[in-house]
Number of protein chains: 2
Amino acid sequence: MSSASTPPGARAAATTRGRPPKLDQARTVEVALALLDEAGLDALTMRRLAEAMDVRAGALYRYFATKHELLTAMAEALLADCLERPLPSPDWSERLAELAHRMRAALLSRRDGARVYAGTHSTGRHTLGFADTLIGVLREADFAPDDAARAALTLVNFTLGHTLEEQAALQVAGDGPADPERLRDAVTAAQYPHLAVTLPVLTSTDFTAHFAFGLRLLIDGLRAAGPGPAAPGTGG
Amino acid sequence: MSSASTPPGARAAATTRGRPPKLDQARTVEVALALLDEAGLDALTMRRLAEAMDVRAGALYRYFATKHELLTAMAEALLADCLERPLPSPDWSERLAELAHRMRAALLSRRDGARVYAGTHSTGRHTLGFADTLIGVLREADFAPDDAARAALTLVNFTLGHTLEEQAALQVAGDGPADPERLRDAVTAAQYPHLAVTLPVLTSTDFTAHFAFGLRLLIDGLRAAGPGPAAPGTGG
DNA sequence: ACCTGAACACCGTTCAAGT
DNA sequence: ACCTGAACACCGTTCAAGT
């Protein structure tokens with residue numbers, strides 16, 4: 001049940017004396033994720049979270065030493081469902097794609113999920129289990145350990161970068177002109193011939209297609225490299 | 001000289017009467033980037049920046065409507081040098097790799113540069129010029145417009161995701177145990193066979209090699225797809 | 001036109017004191 | 001053991017008033 005690193009006040013009372021605590025780590029993370037969904041990361045403050053849990057802000061610090069530690073536990077919780085179902089296909093490239101899609105879905109499942117994840121470095125079981133599975137798929141496909149690890153990092157970094165942009169584009173819309181509109185204006189104002197031609201794709205909101213394209217590129221590149229001994233350096 | 005969108009107070013005084021302003025957009029961005037390098041993004045506050053410019057915080061709001069607008073101008077400035085030198089090779093894959101390396105170098109050039117860039121969406125000339133050039137390289141290699149645009153997005157998102165992680169790993173080191181150490185402990189404590197085997201690569205600080213690997217994957221994937229009409233959907 | 005002074009409505013975090 | 005109350009040292013942003 002425990003999240004990221006060893007929780008400071010998580011050891012249960014030796015004897016269950018006194019009234020039960022109003023707070024605990026798991027419930028705090030749950031409420032924090034709900035508040036994240038409602039209000040967004042910028043509005044997720046320790047005070048607002050405390051209010052949502054009917055407690056004063058200071059009380060949260062018995063369970064999380066810093067706000068960053070809470071965010072790390074939230075990031076860890078985001079990946080909770082990634083390995084629930086078994087991977088459907090025996091083909092390594094389909095397994096890889098499936099894992100990447102699940103990670104994207106996990107980050108998308110909450111507002112600003114990608115930003116939360118990008119800002120933290122959990123070493124919890126969901127995060128490490130996901131990475132282990134990813135590398136395992138590649139190793140079982142006979143990729144050399146170094147290549148498997150680097151390919152996994154690439155996949156995760158691409159997924160993170162993509163989802164960060166996807167979620168950033170998804171919202172806004174409240175105040176100023178939305179992103180695509182500003183891009184359209186800027187492109188027509190100055191001379192960007194290639195942006196002008198590709199504007200429909202660049203402003204498309206079919207992020208699933210964008211993601212699938214990039215993912216295919218990576219997997220095709222991996223297929224081209226092919227399983228076997230470690231790839232040579234950048235030399236030749 | 002102007003950055004991102006139309007600057008509010010940027011129109012020069014009709015007649016140069018009165019003492020010259022202590023502030024202007026360009027110099028503010030310069031000082032902000034210097035402060036970023038010294039103190040990091042979390043310590044880059046409007047008050048601290050104002051202090052560095054010998055002015056009260058409120059004065060900054062004549063040049064930037066919000067802190068986010070200042071950060072956008074900073075992100076735009078980060079990419080300033082990406083297109084200064086001409087691309088050395090006529091080969092499209094080498095041109096692409098060169099551009100990606102330049103973007104990474106630009107983000108790395110300042111502390112938390114990737115975080116600044118990830119948090120904003122500039123439509124300034126450096127950002128758009130870079131994207132236009134990227135897509136141009138692919139179009140000139142006879143990739144279909146849609147593929148060229150999507151490949152460019154993939155390249156940028158991977159570079160952003162990678163550099164975000166690289167810069168996050170680079171620092172810390174001040175307070176708690178560094179990232180690699182926590183990872184090592186977590187991996188040995190629980191059962192992550194594939195992480196255990198690849199720990200040396202995963203904790204390696206040769207981020208240039210990691211980046212080159214991912215970049216090669218993308219470019220090889222692009223070569224496999226090959227120039228020509230737009231690639232088919234995810235169908236088969 | 002450009003900046004100051006001062007305020008408004010917040011933050012994350014700490015810690016004695018209560019129960 | 002767990003939480004409150006109250007404070008500390010800050011934030012971004014606004015705006016009348018000065019020059």
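Leaving aside neighbours within four places in sequence, which residues is B:Leu96 in contact with? Select B:Leu96 in this predicted model, and, with those neighbours set aside, the residues in contact with B:Leu96 are B:Leu134, B:Val137, B:Leu138, B:Leu155, B:Ile219 and B:Leu222. Next, widen the selection to the largest nonpolar core, which has 138 residues, and in which B:Leu96 is among the members that touch the most others, together with A:Met74, A:Trp92, A:Leu96 and B:Met74. In soluble globular proteins, nonpolar side chains tend to be buried together.

Now move to helix H8 of chain A, residues 179-189, where the buried residues are A:Leu183, A:Ala186 and A:Val187. These three lie on the same side of H8(A), because the arc that they cover around the axis is only 95 degrees. Show helix H9 (193-202) of chain A and helix H6 (125-140) of chain B as well, since the buried residues of H8(A) pack against both. Turning to the face directed away from that buried side, one finds the exposed residues A:Thr188 and A:Ala189.

Finally, select DNA strand C, which is surrounded by 18 residues, the closest being A:Arg47, A:Tyr61, A:Lys67, B:Lys22 and B:Arg56. Of the strand's atoms that come within 4 Å of the protein, 55% belong to sugar and phosphate. Phosphate oxygens can be located 3.0 Å from a polar backbone atom of A:Met46 and 3.0 Å from a side-chain N or O atom of B:Tyr63, whereas at B:Arg62 a polar side-chain atom lies 2.9 Å from a base nitrogen. Helix H2 of chain A, residues 46-52, contributes the largest share of the surface near the strand, with 3 residues.

Key. Residues are numbered from 1 along each chain as its sequence is written. Chains are lettered from A and ligands numbered from 1 in the order in which they are written. This is a predicted model: local features need pLDDT of at least 70, side-chain atom pairs count only at pLDDT 80 or more; totals for chains, interfaces and linings use all residues. Side-chain values use heavy atoms; hydrogens and water are left out. A nonpolar core is a set of buried Ala, Val, Leu, Ile, Met, Phe, Trp, Tyr and Cys residues joined through side-chain atoms within 4.5 Å. Buried means under 20% relative accessible area, exposed over 50%, partly exposed in between (1.4 Å probe, protein chains only). Contact means heavy atoms within 4.5 Å. Helices (H or I, at least four residues) and strands (E, at least two) are DSSP runs, numbered from the N terminus. The arc is that of the directions from the helix axis to the C-beta atoms. A residue is near a molecule or strand if one of its heavy atoms lies within 4 Å of it. A polar contact is a pair of N or O atoms within 3.5 Å; within protein, one must be able to donate a hydrogen and the other to accept it, and residues adjacent in sequence count only if both atoms are side-chain atoms.
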